[in-house]
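Visitor: Could you walk me through this model, one question at a time?
Guide: Gladly, let us look at it together.

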Amino acid sequence: MALLSSSLDCARDWGECLLNLAFPWPESAEADPVRIEKPYCQQCGEPFPAMEKQSHDFLCYNCVDQKWYFQWARAGYRTEGQVLEAVIGFKYRDEYYQLGRLTEWLVETFDQHCAQEKWDALVPVPLFHRRRRERGFNQAYELASGLGKARKITTWDCLYRYRETQSQARLERITRWENMKGAFKMKAGFDVRGKNLLIVDDVLTTGATVNACAQALTQAGAGRLAVLTIARS
Ligand SMILES: [Zn+2]
């Protein structure tokens, strides 16, 4: 049954990929990256472009009751145009060369939001081992390593996916949170107690995945936790 489910997941991933190849991005694919500017939620970073620019911080409706295990999440760009194309190409179309500009966007976002603080390490969101084997790499690890080299911060690949989760892209919002509960655990040999850690991923959607990572790190005694992604939807 597990094998069947894995095969179905794999087939769906290929389906998404083939669909993208058959219907290349519409004219918006080459649209310039759209930066996320204030106003955005001080906790999850969700932008509210329709709001007037304001000086005081605020929480969005999702964050008022949400239990977050990280202090804040920031993303540099909207998941659209060139950014979306590069992310999809990197993950699903074998376009490893996209790593260069994705890393540039991530470093730029780090400089904008995180450079004022001291980080003990960057922690990439891990892939389940089967998915990592299929893809050949973990995009979050590649991105974190590139950022780490650029800004002289060590990368700790200290988490692993304890159980396989369904692709978040295919789930409703509530189910995404259920899907990720307890999905991550600490690897042996890492001591994160009291450390200030920046969790790194390519895209943030609901935040369920990075929150599950932050929960595992919190349970292991980590100090301050924050999240950095290139983009968010
Ligand atoms: Zn929020």
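What follows is a conversation about this predicted model, from the whole chain down to single residues.

Visitor: Which helices and strands should I expect, and in what order do they run?
Guide: The chain holds eight helices and six strands. Read from the N terminus on, these elements give the order α-α-β-α-α-β-α-α-β-α-β-β-α-β.

Visitor: What percentage of the residues in the chain is buried?
Guide: To set the scene, the accessible surface of the chain is about 12,000 Å², with 53% of it belonging to carbon and sulfur atoms. A residue counts as buried under 20% relative accessible area. Among the 233 residues of the chain, the buried share is 51%.

Visitor: Taking contacts with a separation of 6 or more, what share comes from residues 24 or more positions apart?
Guide: One example of a pair distant in sequence is Leu 147 and Val 107, which are 40 residues apart along the chain while their C-alpha atoms are separated by 5.6 Å. For the chain, the share you ask about is 75%.

Visitor: Which strands stand at the edges of the open four-stranded sheet?
Guide: The sheet has parallel pairing and the strand order S1-S6-S5-S2. A strand at the edge has a single partner, so one of its sides is left without a neighbour in the sheet. That description fits S1 (72–78) and S2 (121–124).

Visitor: Which residue in S5 stands opposite Ala 121?
Guide: Strand S5 covers residues 197–204, and S2 pairs with S5 in the parallel sense over four bridges. Opposite Ala 121, the residue in S5 is Leu 197.

Visitor: What is the arrangement of the four donor atoms around the zinc ion?
Guide: The protein donors are the SG atoms of Cys 41, Cys 44, Cys 60 and Cys 63, lying 2.3 Å from the zinc ion. In sequence these donor residues follow the spacing C-x2-C-x15-C-x2-C, and both Cys 60 and Cys 63 are buried. Four donors count as tetrahedral if all angles lie between 85 and 135 degrees. Here the angles are 105 to 114°, so the arrangement is tetrahedral.

Visitor: Where is the cis peptide bond that leads to Pro 39?
Guide: Most peptide bonds are trans. Pro 39 belongs to the loop between helix H1 (2–22) and helix H2 (61–64). With omega near 5°, the cis bond runs from Lys 38 to Pro 39.

Visitor: Is Asp 94, with its positive phi, buried or exposed?
Guide: Asp 94 is not a glycine, yet its phi is about 65°. This residue is placed in the loop between helix H3 (81–92) and helix H4 (99–113). Its relative accessible area is 71%, and exposed means over 50%. Asp 94 is therefore exposed.

Visitor: What is the relative accessibility of Lys 152?
Guide: Lys 152 also has a positive phi, near 55°, and is a residue other than glycine. Its place is the loop between helix H6 (139–151) and strand S3 (159–161). Lys 152 counts as exposed, its relative accessibility being 75%.

Visitor: Finally, is Leu 147 buried or exposed?
Guide: Leu 147 lies in helix H6. Beyond its neighbours within four places in sequence, Leu 147 is in contact with residues including Thr 103, Leu 106, Phe 110, Leu 122 and Leu 228. Its relative accessibility is 0%, so Leu 147 counts as buried.

Definitions and conventions
Residues are numbered from 1 along each chain as its sequence is written. This is a predicted model: local features need pLDDT of at least 70, side-chain atom pairs count only at pLDDT 80 or more; totals for chains, interfaces and linings use all residues. Side-chain values use heavy atoms; hydrogens and water are left out. Donors are N, O and S atoms within 2.8 Å of the metal (3.2 Å for Na, K and Ca); water is not among the atoms, so sites may look incomplete. Four donors count as tetrahedral if all angles lie between 85 and 135 degrees; four count as square planar and six as octahedral if opposite donors are over 155 degrees apart and all others between 65 and 115; anything else is irregular. Buried means under 20% relative accessible area, exposed over 50%, partly exposed in between (1.4 Å probe, protein chains only). Helices (H or I, at least four residues) and strands (E, at least two) are DSSP runs, numbered from the N terminus. Contact means heavy atoms within 4.5 Å. Accessible areas come from the Shrake-Rupley method with a 1.4 Å probe; for residues, only the protein chains shown count as cover. Two strands pair if DSSP finds at least two bridges between them.
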